[in-house]
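Me: I would like to learn how to read surface and core features in a structural model. Could we work through one case together?

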Amino acid sequence: MKHHLKFSKDAKPARAERHASAGGGEFELIERICARLPLSRRVILGPGDDAAIIAARSGRQLVTIDSIVEGVHFNLAWGTPEQLGERALAINLSDIAAMGGAPSACVINLGIRPSLEVRFFERMYSGLAAAARRTGVDVVGGNVTKSSELTITIALFGDAPRTPLRRDAARPGDRIYVTGTLGDAALGWRIAAGKIPARGLVRKYLVDRYLAPEPRLK
């Protein structure tokens, strides 16, 4: 059986059905978390084969990849699974936005620790799918493997503008504009991690800025 969202050879099923890789094995988990993912007309072939096929919109594409690791970039106690899924995609969307591009499709690599239940991943992918739907991103495949900590790695593709906004193209005299407030998410992470004390509305605002970043695609 082939599936583009596939497992590496070291993935092993957990013993209890309630865990992520049980109740029919890894492929059942794949089918369940992929069932509601949005796919647009540009996807010629999505999950189900060795590679996805996507109709290209232009002659240039942007490609970015980022990982978040449990215990390093997030803690499951800080927010909901839905927020985690949205955030995992949002940090990649911001990279495409920074180049002036429009996001198009992504593939996802999950490193799963056996103690996590299937319901957790269904909720996480619900949040990820919501973010993908809002921003026009097709989730076309990926990989799942066993890991000691939960890791989420997303490779995101985007359509490049005629003149991408490159760092090495900056020149003296160029003007730089910022939307939002610099440093909010960094403070939110430090507060959630217990490195900086904060209470009340200040704590909620800054932690929310970390949990739910807003990619500046507009």
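Me: Is I176 buried or exposed, and why?

Reply: A residue is called exposed when its relative accessible area is over 50%. In this predicted model, I176 reaches 77% relative accessibility and therefore counts as exposed. I176 is located in the loop between β7 (151-159) and α4 (184-192).

Me: Which residues make the nonpolar surface patch of about 380 Å²?

Reply: That patch is formed by I176, V178 and L182.

Me: Turning to the interior, which residues have the most contacts inside the largest nonpolar core?

Reply: A nonpolar core joins buried nonpolar residues through side-chain atoms within 4.5 Å. Here the largest one has 42 residues, and I108, L110, F121 and I152 have the most contacts inside it. Elements contributing two or more residues include β4 (61-69), α2 (81-98), β5 (102-112) and α3 (118-135). The greatest contribution comes from α3, with 9 residues.

Me: What is L110 in contact with, leaving aside neighbours within four places in sequence?

Reply: L110 is in contact with I33, F121, M124, Y125, N143, V144, T145, T151 and I152.

Me: Why does N92 count as buried?

Reply: The term buried applies under 20% relative accessible area. N92 has 0% relative accessibility, so this residue counts as buried. N92 is placed in helix α2, and its side chain reaches the backbone nitrogen of D66 at 3.3 Å. Not counting residues up to four places away in sequence, N92 touches T64, I65, D66, I154 and L156.

Methods
Residues numbered from 1 in each chain as written. Predicted model: local features only at pLDDT ≥ 70, side-chain atom pairs only at ≥ 80, totals over all residues. Heavy atoms only, no water. Patch = residues over 30% accessible without salt bridge, like charges linked within 9 Å, V, L, I, M, F, W, Y side chains within 5 Å. Areas by Shrake-Rupley, 256 points an atom, 1.4 Å probe, with all protein chains shown as cover. Salt bridge = Lys/Arg side-chain N within 4 Å of Asp/Glu carboxyl O. Helix = DSSP H or I, 4+ residues; strand = E, 2+ residues; numbered from the N terminus. Buried < 20%, exposed > 50% of the residue type's maximum accessible area, 1.4 Å probe, protein only. Contact = heavy atoms within 4.5 Å. Polar contact = N/O pair within 3.5 Å; in protein donor to acceptor, adjacent residues only side chain to side chain.
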